[in-house]
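Let's look at some aromatic rings together and ask how each label is earned.

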Amino acid sequence: MALDGVRNAAYERALAKHVTPESVVLDLGAGVGILGLLAAKHGARHVYCVEPQDLGALSTEIAEANGWADQVTFLHGRIEELELPEKVDVIVSAMTGNVLFNEDLLPTVFHARDEHLREGGVLIPSTAAIDVMPVASPKMIRRHLDCWAEPHLGLDLSPARRYATNAIVFRDAGLRGAEPLGETTELFTTDLETMAYRKLDVTAELRVVEAGMCDGIAAWLRMKLGDEWLSTGPFDPAVHWSASFVPVDPAVAVKEGDTIEFRLLRPPYGDWVWRLRCGDEMRQGSTMFGKPLSTAIANSRDEASPKATERARAVSAVISALDGTRTVAAIAEQIRQQFPDLFATEQRVENFVRQMIRTHSRS
């Protein structure tokens, strides 16, 4: 990450645009301080590098080696627990995570923005977007799904496959060999200088331009650094961030001119939920089902049981409702009305909702 030439060069161009001899810069999640040192290189009056890991000795040595020991201050700790000596003019960070939300880093960025950035100050990056594309990638399916269905040294591991179909795949270069079946579509965009951390729930229509078997959706982050956009897509120059592969299982046959409706949802600190619809075909998944849970919840993925399928839909409905604005009672009433035959008593509905909240939310 520290030696990511493509990323660092783009960040440097943004810093060159915004840093002046009067600028005070915060490098948030600094690591060894590469971005902060680039700010110093472009003449910042002072740079504060904040990093939770204790890398101070190495970071200080690097600053001294470049002649900026008096210009750069390294602070070990979380920004939420530190006091900076002064407000800053620029906050630079790489704390966006894969597909923006995956590592829940944005709350830290927003805390730094709200507490330490001067009025009229600049965030780098300032804007972020999520792009998606339907793809055919038999290699990804073989590597991450079908491998579980094949005997291994005489062992049957096939029960694991149903969990794998609900796991979003990150950091696999194999996605770069996927066949694009549609155009790149912007699913979500936000102004990081004003955004609050809320539930992601977005839907877009993806236009198919190539016939094939859609077995996944590629999703990736794009961010604005100064005047330019840096994309982490599977067909862009490689950076340390990765595109993701959202499985569509079983694959859906698509033809040129088709429209795919794709919905992606994620509450803060929760699980991803996705749904794909093309014509009469519909697929859905959630990372909640990508990990072994209690038998009652795991069985909700058994498509042979109509009641289990209804329970799976109820799980998705609860996850969708976890936006931090509704009480347990309000969500339980919604679920009771939406699924009147699923729960015998109101207390069972409420218990179900509380179980989902414990699983999918830290609040």
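Q: Which residues do ring pairs link into a cluster in this predicted model?
A: In this predicted model, the cluster joined by ring pairs holds Phe101, Phe188, Tyr197 and Tyr269.

Q: How many aromatic pairs does the structure hold?
A: There are 4 aromatic pairs.

Q: Why is the pair of Phe101 and Tyr197 called stacked?
A: Ring centres must lie within 6.5 Å to pair, and planes under 30 degrees apart count as stacked. The centres of Phe101 and Tyr197 are 5.9 Å apart and their planes are at 20°, so this pair is stacked.

Q: What makes this pair a tie between parts that are apart in sequence?
A: Phe101 sits in the loop between β4 and α4, while Tyr197 sits in the loop between β9 and β10, so the pair ties together parts 96 residues apart in sequence.

Q: Are Phe101 and Tyr197 buried or exposed?
A: Buried means under 20% relative accessible area. Phe101 has 2% relative accessibility, so Phe101 counts as buried. Tyr197, at 18%, counts as buried too.

Q: Why is the pair of Tyr197 and Tyr269 called edge-to-face?
A: Planes over 60 degrees apart count as edge-to-face. Tyr197 and Tyr269 have 75° between their planes and are 6.1 Å centre to centre, so the label edge-to-face fits. This pair also links distant parts of the chain, 72 residues apart, with Tyr269 in the loop between β14 and β15.

Q: What makes Tyr269 count as partly exposed?
A: Partly exposed lies between the 20% and 50% cut-offs. Tyr269 is at 33% relative accessibility, so Tyr269 counts as partly exposed.

Methods. Residues numbered from 1 in each chain as written. Predicted model: local features only at pLDDT ≥ 70, side-chain atom pairs only at ≥ 80, totals over all residues. Heavy atoms only, no water. Phe/Tyr/Trp six-rings, centres within 6.5 Å; stacked < 30°, edge-to-face > 60°. Helix = DSSP H or I, 4+ residues; strand = E, 2+ residues; numbered from the N terminus. Buried < 20%, exposed > 50% of the residue type's maximum accessible area, 1.4 Å probe, protein only.
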